[in-house]
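Q: I should be grateful for a close look at one part of this structure. Please take a single residue as the starting point and describe its surroundings in a connected account.

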Amino acid sequence: MSLPDMVDVADKLAYFQAITGLEDPEICTEILAAHGWDLELAVSSFTATNSESSASAAADGGGGDGHFDPATREILDRPEPQENAAPAPSLAWKIITLPISVISGSLGLVSGAVGLGLWAAGGILSYSLGVIGFGSGSGRNAESSARLVSVSAAASEAIDFVSAFERDYGTTRPNFVGEGFMDALQRSRNAFKLLFVYLHSPDHPDTPLFCERTLCSETVAAFVNENFVSWGGSIRASEGFKMSNSLKASRYPFCAVVMAATNQRIALLQQVEGPKTAEEMLVILQRVLEESAPVLVAARLDAEERRNNMRLREEQDAAYRAALEADQARERQRREEQERLEREAAEAERKRKEEEEARERAAHEAAEREAAVARMRQEKAMSLGAEPEKGPNVTQVLVRFPTGERKERRFHSTASIQTLYDYVDSLGCLEVDSYNLVSNFPRVVYGADKLSLSLKEAGLHPQASLFVELT
């Protein structure tokens, strides 16, 4: 393979990984090769999906990825070699990478991706998803890359879910937050609590009974609200469907307990699949809470220590700044007083110059305006020519001004209405430039649309009386 071909292959592989979210280069290479290294075809086969049909497939217990073509499906479903992993601790963990669409679909994108920190410091091991199987959800993390969910869309989906759930099952329920998954995860992290996740499958036959008798029972709802931050989503909605893929939900009703990990990942502490009674759910949640308590306590103590250290540093800095300011106060006051006097003197001089310049400029502009008006009047007076003698083709025009002054002149009947305006302008009787010539009986405004008409065409021949109407 030539060097340009190798560069082209590397570019396509990088683009395919960025678009689909698949991290394994070998899988991406196989998928691209199966589609003849046609990047557009490979991406389309991986991402093209119908939201409703995919959500329905997930509700029926599938993984929600039945839309892949046979070649892609065969590669993704290939069993992964299992390693001889050490037995998991009592609290089994998975580290799950969230799809970029879920990360970017929340306001918590930056705060969730930077400095999340792994709470599991202090002896609790985190196991890779490819190493530890957890129920029927183990296997390769083939994330479904869907359209990006905007901030408003993620929050809107969460609010719609909470509203629909309360309408169907009442107000005794977990207090699901009305925000995107990443924001809910950040909220739980700030509160030093675990995040309780419920994926709602409206069409599953076990869903109504589970919601009424288990999830909305007073004991479970009270326990969850006291000890967890809760987030719920319908698998019919975009973010709920993506989370069902990320958490590998294979049976419904589906609940999970997660916490924030590093690098845009979550630690899956417990997943509950299938119907459970309220008593069974309480036992599971109580166990998860007890086993994760050391991690949460350590995180809370660590945060408290950081706050105390920060407060101590702030107090020390404040004391140092106060002493430094006290030493510099007198010098600063003296310098500021001197600068104030200099500024006042400079400001007074500047104002004096500005006022003088403004007076000179105003006088100059007034002189220029008067000269321009005089020139305009002279030009228009000259353009009128000599006043014609009385005759059959001569029109007598009387112009009345708002001041009561009257002016009268004869014009050739072929002269235009514009000539009358030039005549009025040449007289210098008006201080304004905007006016109309108007006749009273009948009332006619000889405006811009009539300027080209002759006096005879405008019906002003053989004589007319007009008045000036200021506009």
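Is serine 413 buried or exposed, and what lies around it?

A: The model discussed here is predicted. In it, serine 413 is buried, because its relative accessible area is 5%, and the cut-off for a buried residue is under 20%. Serine 413 belongs to the loop that runs between strand β7 (406-412) and helix α14. When neighbours within four places in sequence are left aside, the contacts of serine 413 are Asn393, Val394, Thr395, Ser454, Leu455, Lys456 and His461.

Several of these contacts lead into the sheet. Strand β6 spans residues 394-400, and Val394 and Thr395 are among the residues that touch serine 413. The sheet itself is open and consists of 5 strands, arranged in the order β7-β6-β10-β8-β9 with mixed pairing. Its edges are formed by β7 and β9 (444-446), each of which pairs on one side only. On average, and with direction ignored, neighbouring strands of the sheet are turned by 30° against each other. In general, the strands of a sheet pair through backbone hydrogen bonds, and the pairing may be parallel or antiparallel. For β6 and β10 (residues 463-470) the arrangement is parallel, with 5 bridges joining the two strands. Within this region, glutamine 396 stands opposite glutamine 463 of β10.

Another contact of serine 413 is His461, which takes part in an unusual peptide geometry to be noted here. The bond from histidine 461 to proline 462 is cis, with omega near 10°. Proline 462 lies in the loop between β9 and β10. A second cis peptide bond is found between phenylalanine 441 and proline 442, where omega is about -5°. Proline 442 is placed in the loop between β8 (435-439) and β9.

On the other side of the loop that holds serine 413 comes helix α14. Helix α14 (residues 417-427) packs against helix α13 (residues 278-384) at an angle of about 135°, and the two axes are 8 Å apart. This angle makes α13 oblique to α14. The crossing of the two helices is left-handed. From α13, the contact is made by Met376, Arg377, Lys380, Ala381, Ser383 and Leu384, and from α14 by Thr419, Asp422, Tyr423, Asp425 and Ser426. By character, the residues of this contact comprise 4 nonpolar, 3 polar and 4 charged.

For comparison, two further buried residues may be considered. Cysteine 211 is part of helix α10 (residues 207-215) and counts as buried because its relative accessibility is 0%. With neighbours within four places in sequence left aside, cysteine 211 is in contact with Phe165, Tyr169, Tyr198, His200 and Cys216. One of these partners, phenylalanine 165, is 46 residues away along the chain, and its C-alpha atom is separated from that of cysteine 211 by 9.1 Å. Phenylalanine 192 is also buried, as its relative accessible area is 15%. Phenylalanine 192 sits in the loop between α9 (181-190) and β2 (194-200), and has a positive phi of about 55° although it is not a glycine.

Conventions
Residues numbered from 1 in each chain as written. Predicted model: local features only at pLDDT ≥ 70, side-chain atom pairs only at ≥ 80, totals over all residues. Heavy atoms only, no water. Axes fitted to C-alpha atoms, helices over the stretch in contact; angles between N-to-C directions. Helix = DSSP H or I, 4+ residues; strand = E, 2+ residues; numbered from the N terminus. Parallel < 35°, antiparallel > 145°, perpendicular 65-115°, else oblique. Left-handed = near helix turned anticlockwise from the far one by under 90°. Contact = heavy atoms within 4.5 Å. Nonpolar A, V, L, I, M, F, W, Y, C, P; charged D, E, K, R; others polar. Buried < 20%, exposed > 50% of the residue type's maximum accessible area, 1.4 Å probe, protein only. Pairing = 2+ DSSP bridges.
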